[in-house]
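Here's a short set of exercises to work through with the model open in your viewer. Try each task before you read its solution.

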Amino acid sequence: MARALHQPPTRHPETECPAHPLGDSGTRLLQGRNQVTARRTAWGAYAQITDALRQRITDGTYAPGSQLPAEVALCAEFRVVRNTVRRALSTLQAEGLISVRTGIGRFVNTPTNHPPPGTRPQYARIAEHLRHQISNGTIPPGARLPSEARICERYGVSRFTARQALRSLEDAGLVTCVQGVGRHVRQDVPR
């Protein structure tokens with residue numbers, strides 16, 4: 001006997017996923033082949049993931065020099081989308097706790113490859129250089145800033161570092177970003 005089209009699907013509580021460790025992340029209706037997932041990451045989940053991973057690094061769960069679990073494994077563990085895990089990992093990288101080896105993975109920094117206390121990260125030095133060019137008029141209001149690729153070439157850094165430098169200028173209110181057009185110095189920048 002065929003089921004009527006307007007009847008809701010039968011739910012099977014024994015096959016539903018348990019609750020999310022960081023709060024409500026959506027509903028996973030059925031596990032298995034016909035799985036339907038509506039993922040929603042709790043606000044601020046990346047900060048909680050960052051704290052959890054930082055704690056594991058400091059307590060030795062992830063020893064210096066060891067490789068962190070893959071993004072997919074962390075997504076499954078914390079039940080969040082990949083972008084949330086990437087944001088948490090980029091925060092740890094900015095703090096100098098981990099480093100990326102392209103094509104290999106992310107590794108916990110050893111105490112010898114931590115930057116010395118008091119030294120500024122490379123992105124901060126690049127941002128300061130660009131800020132100086134903006135304040136002295138080398139890059140005038142309304143002018144387009146160099147692209148991420150151009151900054152990578154000029155300073156010999158990764159795209160991530162270039163993006164961080166440009167983002168810090170945006171956060172300072174010196175630059176506006178228009179997707180597909182680029183970043184421009186704001187017209188109302190004080191000198």
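**Exercise 1. Decide whether His-129 is buried, partly exposed or exposed, and place it in the fold.**

Solution. Start with accessibility: His-129 comes out at 35% relative accessibility, so it counts as partly exposed (buried is under 20% relative accessible area, exposed over 50%, partly exposed in between, with a 1.4 Å probe and protein chains only). Next, find its element: His-129 sits in helix 4. Helices (H or I, at least four residues) and strands (E, at least two) are DSSP runs, numbered from the N terminus. Finally, check a long-range pair: His-129 and Ala-165 lie 36 residues apart in sequence, yet their C-alpha atoms are 9.8 Å apart in space.

Some ground rules before going on. This is a predicted model, where local features need pLDDT of at least 70 and side-chain atom pairs count only at pLDDT 80 or more, while totals for chains, interfaces and linings use all residues. Residues are numbered from 1 along each chain as its sequence is written, and side-chain values use heavy atoms, with hydrogens and water left out.

**Exercise 2. Work out which residues of helix 4 are buried and what covers them.**

Solution. First, the geometry: helix 4 has 14 residues and reaches 20 Å from first C-alpha to last, close to the 20 Å expected at 1.5 Å a residue (the expected span is 1.5 Å times one less than the number of residues). Then list the buried set: Ala-124, Ile-126, Ala-127, Leu-130, Gln-133 and Ile-134. Their cover includes helix 5 (148-155), helix 6, strand 5 and strand 6.

Now zoom in on Gln-133. Its relative accessibility is 16%, so Gln-133 counts as buried. Leaving aside neighbours within four places in sequence, Gln-133 is in contact (heavy atoms within 4.5 Å) with Thr-138 and Ile-139. Past the helix end comes Gly-137, with a positive phi near 90°.

**Exercise 3. Find out how the buried residues of helix 3 are arranged around its axis.**

Solution. Check the length: the 13 residues of helix 3 (residues 82-94) should span 18 Å at 1.5 Å a residue, and the end C-alpha atoms are indeed 18 Å apart. Pick out the buried residues, which are Thr-84, Val-85, Ala-88, Leu-89 and Leu-92. They cover an arc of only 135° around the axis, so they fall on the same side of helix 3 (the arc is that of the directions from the helix axis to the C-beta atoms). Their packing partners are helix 1 (45-58), helix 2 (71-78), strand 3 (98-101) and strand 4 (105-108). Just after helix 3, Gly-96 has a positive phi of about 85°.

**Exercise 4. Describe the pairing of strand 5 with strand 6.**

Solution. Count bridges: 4 of them join strand 5 (residues 175-178) to strand 6 (residues 182-185), and the two run antiparallel. Strands pair if DSSP finds at least two bridges between them. For the register, set Cys-177 opposite Arg-183 of strand 6. Last, the turn: the two strands form a hairpin with 3 residues between them, where Gly-180 has a positive phi of about 85°.

**Exercise 5. Summarise the whole chain.**

Solution. Tally the elements: 6 helices and 6 strands, in the order β-β-α-α-α-β-β-α-α-α-β-β from the N terminus. For burial, 28% of the 191 residues count as buried. For contact order, take contacts with a separation of 6 or more: residues 24 or more positions apart account for 54% of them.
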